[in-house]
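Student: I am new to this structure and should like to understand the terms used to describe it. May we proceed by question and reason?

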2 protein chains.
Amino acid sequence: MPSSGSRKRISESTIHRLSLYYRTLSLLEKENYETVSSKELAKREKLTPAQVRKDLSFFGSFGTRGLGYNVNELKSKIESILGINRDWKVALIGVGNIGSALVSYKEFAKQGFHIVKLFDNDQRKIGSNHKGITVSDIKDLDMEVKEANITMVILAVPATVAQYIVDDVVKAGVTAILNFAPINLRVPPFVHLRNENMSMELEYLSFAMVNNHAPKKSK
Amino acid sequence: MPSSGSRKRISESTIHRLSLYYRTLSLLEKENYETVSSKELAKREKLTPAQVRKDLSFFGSFGTRGLGYNVNELKSKIESILGINRDWKVALIGVGNIGSALVSYKEFAKQGFHIVKLFDNDQRKIGSNHKGITVSDIKDLDMEVKEANITMVILAVPATVAQYIVDDVVKAGVTAILNFAPINLRVPPFVHLRNENMSMELEYLSFAMVNNHAPKKSK
DNA sequence: ACTGCCATGTGAAATGGTTCACAAGAAGTA
DNA sequence: TACTTCTTGTGAACCATTTCACATGGCAGT
């Protein structure tokens, strides 16, 4: 009984898996599948059918017993759960290595995340053009973010300045931040912060190689 | 002491947190701290002291009761647990948007991951130079990877071709892959695969905004 | 040496997440 | 209508991770 207020906490892993389901459903749609079972969905993302069904069950009953899920319908349900059934205007701060790669990264736009503003503090970059967007001076951040009604920001600046910029960004009314700097940022409780730490995964690989794999012990 | 056979499975989260501790310890080192308590370490990464101690306890007893951990010593312990107390030679495949950003990404080198080979299939890119490395033809992958004794690869190619390349890469003897393509890749059980899915975190933010955080929207 | 204080290391308890197992619904067939 | 097959949705069981709580050991001051 999903009473409108009783919001059970949904785990992070469940949300991440919704992203995977969404990705697979998009593919299935292209392959002209009408329906898909939890079994097939699971297979395509190396999960278990029970996991798939449980994840979806947190949000409702989207399937038909004996048949599976309608691909189009489930896709659009997940879109609306994830909030990607709309367009998000995103500002990207820091047009360096990573930053300029992200401007051209097509996956973001595909999911409705549109980078509409670029900021940097480097005079040589300010005024230059990336994919049709002119880089603004970070000093104008407050004004421009408010004016464009932007609530989501991608942060691709050096770790040393990240906290200062976050503080400004929050003051400008942003409530969602995707941070690429390898540092733990402080934000007020009403601001959503996620970190993308690319070294972390390399380190995991390194760990796996050195430990798991290593000189195969007789077990 | 170094548990040779009794290999308890260490959770992914623990390993990820080791990366965080490592990062903080590097910082503390620069700030000339001699020792650090689990409390301080926890505070700096928004974790609990018990969590920190438990994580470390899987690998040994590195602290001193009443005092805490020696910064230098703990840092080097974690380095060796993560396997980053050595240099890794890494090949990067796909010199597009993301790929060319990663060549210049300094964090990798800082942790001992050195990109030493670049591959692409685009004639216009082959032969060109990125940060002192010449882009090779992907057709020479097998030969060059074997010759350079490379076991770790970063994959920054389009999803459509990722699986084919992975198959080749595995044949060439690579056993660790960091994949940036938004697709679920098949690898043999002895190959370590990690995925970096940047849209996923944006989707999480979007979810958080739409659900957790109430309608503050008045357009 | 004694005392007070502090912070680790770790079993045990609590919490959270995943898998199991099965009742029940839907569609097709006779 | 009755029967078969298929697959969902979901409590309950199971397993993993996190947190608790405290005995233990080290250090400093007297």
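Tutor: We begin with a definition: Asp, Glu, Lys and Arg count as charged, and Gly is among those that count as polar. The model before us is predicted.

Student: How many residues of each class does the surface near DNA strand D have?

Tutor: That surface has 14 polar, seven charged and four nonpolar residues. Arg53(A) and Arg65(B) are among the residues that come nearest to the strand, and Arg counts as charged.

Student: What makes the pair formed by Tyr69(A) and DNA strand D a polar contact?

Tutor: A polar contact is a pair of N or O atoms within 3.5 Å. A polar side-chain atom of Tyr69(A) lies 2.9 Å from a phosphate oxygen of DNA strand D, so the pair satisfies the cut-off of 3.5 Å.

Student: Which part of DNA strand D does the side chain of each Arg65 approach?

Tutor: For Arg65(A), an N or O atom of the side chain is 3.1 Å from a sugar or linking oxygen. For Arg65(B), the corresponding distance is 2.4 Å, to a base oxygen. Both pairs are polar contacts, because the cut-off is 3.5 Å.

Student: Which element gives the most to the surface near DNA strand D?

Tutor: H3(B) does, with four residues. Strand S2 (63–64) and strand S3 (68–70) of chain A are among the elements that each supply at least two.

Student: What share of chain A is called buried?

Tutor: Buried means under 20% relative accessible area, and 49% of the 219 residues in chain A are buried.

Methods: Residues numbered from 1 in each chain as written. Chains lettered and ligands numbered in written order. Predicted model: local features only at pLDDT ≥ 70, side-chain atom pairs only at ≥ 80, totals over all residues. Heavy atoms only, no water. Near = heavy atom within 4 Å. Polar contact = N/O pair within 3.5 Å; in protein donor to acceptor, adjacent residues only side chain to side chain. Buried < 20%, exposed > 50% of the residue type's maximum accessible area, 1.4 Å probe, protein only.
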